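The following exercises introduce a structure through selected local features. Please attempt each task before reading its solution.

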Amino acid sequence: MAFQLLKSIQRPNRWLQVFVCFFWILIGVGRVSAAKHPVTLDPKADPSTCLQCHEDKTKGKSVHSAMAMGCMSCHEIRTNRDITHVKLITATPYKLCLTCHADKDATQIKGKVHPPAVRDCLTCHDPHESDNKNQLKKVASGDKKENLCLTCHNQGTNIDQKGSRHPALDSGCDTCHTIHKTGDRGNREFDFHLTKDAPALCVDCHDVKDASLQKSHQGQPFGNADCLSCHEPHDSRTPKLMQAFLHDPFASNQCDVCHQPAKDGKVVLTQASAKELCVTCHSDKAEQIEKAKVQHPGAAGDCTDCHNPHAGRSPAFPKPDAVSVCLGCHADQAEQGKKKYVHQPAFEQGCAICHEPHGNDNDHLLRVSSPNKLCLECHAPDRTPQKLESEHVITIFGGQVKLPEDYMARTPILPLEYGLGHPVMRHPISDLVDPQDRNHVLVPLNCLTCHQTHSSSKPDLLVNDQANNMDFCRSCHKGMIGPQQPGQIVPVPSGAPAGGKPSASGPATGTGPSKGAQ
């Protein structure tokens with residue numbers, strides 16, 4: 001019925017269409033909340049009354065401790081004209097849980113929180129009782145039907161014919177993970193909620209003195225190495241749980257290209273230093289580092305300061321990962337990563353998406369010459385990432401940057417047409433120029449006029465951590481939004497026609513670079 005009504009409304013009556021949608025949503029919500037209790041209850045009923053029908057809620061192997069406090073510690077009874085409703089004492093289940101479990105409040109936790117734990121406890125837990133510890137709805141082991149974690153995750157379930165799977169998965173996800181464990185962002189132990197970090201976690205099961213294990217590592221010392229730099233912890237497309245990206249000599253088992261036999265339990269290289277060894281193959285990178293107009297001091301050290309020499313989860317094998325490799329030196333950006341809202345490239349994928357780490361000719365080592373060119377590589381409606389089937393990645397910037405296959409699915413597209421359309425229809429995103437003199441910029445404008453590049457304490461990464469509201473827009477459009485105050489003068493930039501209104505009065509203060517937008 002609602003669908004037929006919507007179809008009968010013509011496009012010019014769009015607001016009426018929205019109203020009808022909202023009306024039917026309210027009816028649906030009303031029907032859900034209006035479900036009545038089958039038995040009329042006294043609002044002051046004792047919990048024992050509830051147990052006459054719901055005694056099963058108290059008899060699982062793992063019963064929620066709140067049950068001992070009585071049903072009314074979580075529920076309330078409302079009776080009106082012999083119709084009874086039993087509801088929670090809070091608006092949402094999550095808020096109810098926090099009345100006791102305040103330490104699980106995601107808004108107060110620093111670092112990465114397991115997504116269901118952000119606001120949906122009942123995804124994993126039964127609020128009354130369960131046959132599993134911590135009132136989990138299912139166990140954390142077994143196949144996809146039995147394993148609670150595999151409701152959302154797919155690790156170990158789709159193995160390539162030539163791939164490999166870690167047997168530890170059969171012991172249960174909680175063998176290695178403690179889901180509510182959190183801490184500083186960028187620390188692998190906390191980011192992945194591990195019981196402990198590698199290699200300590202790995203050697204709980206894998207004896208470094210095992211002869212077969214030593215043989216597979218060709219006699220090279222590995223007891224203190226980071227196992228996850230070479231091995232995937234869950235499953236892999238290749239044998240022996242190898243990482244997705246492998247250094248050619250390592251992949252072809254040519255260890256003697258770089259290594260001599262170990263001596264006194266220590267690694268011995270075929271060259272005097274790691275850098276001298278690397279440039280025997282990568283002389284082009286050495287030349288780039290030396291000749292770049294804008295140089296990266298970090299690239300002047302040993303290659304293995306930033307790169308794992310064997311393998312990695314991302315191209316070029318940054319260590320310990322593509323984000324932390326930079327934050328070890330750039331402490332100011334590490335602080336930015338502690339804010340609530342972070343830019344996906346900066347703190348989830350890797351700084352090298354936007355920056356050239358070996359040096360180039362652009363300010364801030366940007367991949368391209370202007371902020372807008374950089375941002376629109378991912379956010380433009382005509383973006384054209386190329387798929388690299390052999391490596392299961394996509395590439396941008398002409399193949400310079402490799403990204404996960406699903407990366408663009410999480411990247412919003414701006415509805416731009418002829419350089420207009422963000423944040424609202426026909427709003428420009430680049431410099432406003434004088435129509436009579438295209439070289440004369442009336443109002444400098446680019447993505448960084450409004451947005452920060454790395455993080456913010458508020459959504460949308462607006463400059464100075466400002467909120468996305470009309471006050472933010474008024475920082476540029478003074479006197480142009482909302483009722484104009486008596487005596488207020490609307491600014492007109494030089495070159496605009498007399499009596500005309502500008503499209504913008506200038507960038508907000510402290511907004512960063514505002515030139516070179518294209």
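**Exercise 1: Two residues with positive phi**

Asp82 counts as exposed, because its relative accessibility is 61% and the cut-off for exposed is over 50%. The model in which this residue is examined is a predicted one.

Task. Determine where Asp82 is found and what is noted about its phi; then treat Asn464 likewise.

Solution.
- Step 1. Asp82 belongs to the loop that links strand 2 (75-80) and strand 3 (83-88).
- Step 2. The phi of Asp82 is near 65°, which is positive although the residue is not glycine. Most residues other than glycine have a negative phi.
- Step 3. Asn464, also not a glycine, has a positive phi of about 60°. Asn464 is placed in the loop between strand 17 (455-456) and helix 16 (470-474).
- Step 4. With a relative accessibility of 46%, Asn464 counts as partly exposed, since that class lies between the limits of 20% and 50%.

**Exercise 2: Cis peptide bonds**

Task. State which loops hold Pro199 and Pro320, and describe the peptide bond that leads to each proline.

Solution.
- Step 1. Between helix 6 (188-191) and helix 7 (211-216) runs the loop that contains Pro199. The bond from Ala198 to Pro199 is cis, and its omega is near 10°.
- Step 2. Pro320 occurs in the loop between strand 10 (311-312) and helix 11 (324-327). The bond from Lys319 to Pro320 is cis, with omega near -5°.
- Step 3. For context, most peptide bonds are trans.

**Exercise 3: An open sheet**

Task. Give the order of the strands in the open sheet and explain why strand 12 and strand 14 each have one side without a neighbour.

Solution.
- Step 1. The sheet consists of three strands, ordered 12-13-14, with antiparallel pairing.
- Step 2. Strand 12 (386-388) and strand 14 (401-404) are at the edges; each has a single partner strand, so one side of each lacks a neighbour in the sheet.
- Step 3. On average, neighbouring strands in this sheet are turned by 40° against each other, direction ignored.
- Step 4. Strand 13 (residues 393-396) is joined to strand 14 by four bridges. Ile394 stands opposite Leu403 of strand 14.

**Exercise 4: The second largest pocket**

Task. Describe the volume and the lining of the second largest pocket.

Solution.
- Step 1. The second largest pocket has a volume of about 690 Å³.
- Step 2. Its lining comprises 23 residues, of which Ala106, Ile109, Gly111, Val113 and Lys340 are the closest to the centre.
- Step 3. At least two lining residues come from each of helix 4 (93-98), helix 5 (116-119) and strand 11 (341-342).
- Step 4. By class, the lining has ten charged, eight nonpolar and five polar residues.

Notes: Residues numbered from 1 in each chain as written. Predicted model: local features only at pLDDT ≥ 70, side-chain atom pairs only at ≥ 80, totals over all residues. Heavy atoms only, no water. Pairing = 2+ DSSP bridges. Axes fitted to C-alpha atoms, helices over the stretch in contact; angles between N-to-C directions. 1 Å grid on protein atoms, 1.4 Å probe; cavity = no way out; pocket = protein on both sides within 12 Å on 5 of 7 lines; lining within 4 Å. Points joined across faces, edges and corners; volume = space filled by probe spheres on them. Nonpolar A, V, L, I, M, F, W, Y, C, P; charged D, E, K, R; others polar. Buried < 20%, exposed > 50% of the residue type's maximum accessible area, 1.4 Å probe, protein only.
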